[in-house]
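Let's walk through this model together, one part at a time. Keep the picture in view as you read.

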There are 2 protein chains.
Amino acid sequence: MFEPLSYAPAYWRVSEAIRARILRRELVEGQPLPTETELARQFEVNRSTVREALRKLESNGLLGRRRGGKRLYVTRPTREAVGGGLSVAFELHRARVVDVWEALQSVQPGIAGAAALRRADASLAAIEAAARRFAGRRGEREEAVGDVAAFFDALGEASGNPVFVLLNEPLLRLLKPSLAVIIDRVPQARSRIELAHRQIVSAVRARDATAASEWMARHVRDFRRGYEVAGIPLSTEIGETLDTARAGVS
Amino acid sequence: MFEPLSYAPAYWRVSEAIRARILRRELVEGQPLPTETELARQFEVNRSTVREALRKLESNGLLGRRRGGKRLYVTRPTREAVGGGLSVAFELHRARVVDVWEALQSVQPGIAGAAALRRADASLAAIEAAARRFAGRRGEREEAVGDVAAFFDALGEASGNPVFVLLNEPLLRLLKPSLAVIIDRVPQARSRIELAHRQIVSAVRARDATAASEWMARHVRDFRRGYEVAGIPLSTEIGETLDTARAGVS
DNA sequence: GCTATGATATTGTCCGACAATCCGACAGGC
DNA sequence: GCCTGTCGGATTGTCGGACAATATCATAGC
């Protein structure tokens with residue numbers, strides 16, 4: 001019958017107030033935030049309270065600091081910040097390898113198509129560079145995986161669609177560990193990937209969205225085949241593939 | 001020649017330590033966190049420091065509290081928490097209406113297909129319920145928009161893929177405001193949506209992934225047409241469509 | 001014009017305190 | 001037996017003040 005009446009602690013309200021001003025673009029990217037003491041004065045709360053609010057915004061990626069710097073600046077959430085948070089969420093929701101694969105399957109062809117339609121020359125160059133780096137690897141498993149991810153990433157950038165860019169990051173992050181296993185265990189993996197890269201690159205160069213999209217679909221489908229050949233059960237939880245490199249970019 | 005050596009403040013390390021234990025499942029969902037005083041004792045830092053760390057985890061959705069409760073519990077990031085953060089990120093990256101639309105175009109058919117393949121009876125019922133609610137609306141713009149979103153959401157759930165569920169939320173959140181305008185201004189919008197709902201429902205009921213996917217593609221394509229008819233420029237930044245309802249679920 | 005220097009401002013962290021209120025136990029009334 | 005009122009203790013939210021380390025900035029020196 002009644003709505004629960006809500007009470008918001010001061011640190012929450014302070015953080016919302018700042019967030020709102022950032023979203024309203026009254027505080028713009030790159031602008032330094034007032035000092036903690038000054039904020040405390042303006043909001044008429046204690047500095048400790050302000051600090052708690054800042055921590056929230058910091059971990060949302062709305063505030064950040066220059067390397068080695070002390071003051072906080074307004075920033076927009078970086079790919080890494082967004083990807084970090086999202087991939088943790090996936091993990092805690094017990095997403096499995098197949099779930100991530102399915103999402104890639106769904107998203108990547110669209111990205112490739114969009115990239116083919118709208119790519120600038122510079123983005124094309126970045127895509128080609130990633131493909132070339134991958135093709136040049138001998139051994140170097142980790143680096144090769146990085147190149148594959150960079151290839152996807154470059155396509156995302158080339159699409160000019162920030163939504164794609166941001167969605168890409170967490171998916172790739174989760175793909176990597178299992179991809180490393182595939183590259184290790186499946187002999188023909190590298191050549192299949194190279195082939196797909198070549199085809200996608202030339203489709204994107206020719207601005208042929210359909211071809212780019214189709215080759216990408218094939219490329220991603222190959223991963224699934226890779227999981228089977230490499231003996232990675234599709235129902236493995238991604239958490240289990242992620243033992244390494246859990247630095248956490250909160 | 002040398003990497004910049006990194007210094008991490010105590011609140012960061014504390015928050016990472018707790019996060020790591022959550023990811024390692026040593027702290028499991030629903031479990032209450034020790035009290036602030038106790039954490040301060042264990043980490044050998046001040047309670048203020050602990051509190052800053054907790055705020056970070058709280059805003060990442062890894063910690064939360066029972067309604068009206070005081071203590072913090074380990075939680076996994078809710079749809080809302082993830083969606084909130086992500087949609088803010090999209091907004092600050094100046095995503096445009098067309099970008100969100102393109103992402104939907106890319107993702108939703110896959111979701112619908114997966115839902116058709118794997119839906120349980122209960123999920124089907126939820127999908128049907130959302131469609132029925134929408135069809136029953138007369139006027140009630142906001143509620144109708146909510147129903148459309150609920151329809152997408154129910155499909156996401158039905159897919160059984162947590163990645164889809166989590167990706168869906170922010171996209172829908174951003175879709176809503178502009179969809180409201182479409183429903184207002186485009187007379188045939190409701191009937192088109194109803195038609196699509198019916199077709200998708202019956203495809204999902206029949207477990208026909210191809211049909212579900214294709215009708216979904218058509219459904220989303222309709223939105224684009226809707227933008228044009230409603231006179232919403234595709235290059236509008238989504239931020240500008242979001243004046244209302246910016247509660248922010250940090 | 002660039003660099004070294006030094007004063008100042010700012011952050012990170014600590015300590016201690018207190019009010020509000022949530023929690024659990026306990027007693028009493030229907 | 002179940003609901004309500006009461007109460008003490010535990011816990012959080014917030015405050016004030018303090019201090020060391022260091023980033024920042026203006027200034028003096030080359």
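**Where protein and DNA come together**

Near DNA strand D, at least two residues of the surface come from each of α1 (10-23) and α3 (47-59) of chain A and α2 (36-43) and α3 (47-59) of chain B. Helices here are DSSP runs (H or I, at least four residues), numbered from the N terminus. The model is predicted, so to speak of local features pLDDT must be at least 70, and side-chain atom pairs count only at pLDDT 80 or more, while totals for chains, interfaces and linings use all residues. Residues are numbered from 1 along each chain as its sequence is written, and chains are lettered from A and ligands numbered from 1 in the order in which they are written.

Around strand D there are 18 residues, and A:Pro9, A:Ala10, A:Val45, A:Asn46 and A:Lys70 come nearest. A residue is near a strand if its C-beta atom, placed from the backbone, lies within 6 Å of it.

Now turn to DNA strand C. Of the 17 residues around this strand, B:Pro9, B:Ala10, B:Val45, B:Asn46 and B:Thr49 come nearest. Here α2 (36-43) and α3 of chain A, with α1 (10-23) and α3 of chain B, each supply at least two residues.

The two protein chains also meet: 50 residues of chain A are in contact (C-beta atoms, placed from the backbone, within 7 Å) with 50 residues of chain B. On the chain A side, α5(A) gives the most, with 10 residues.
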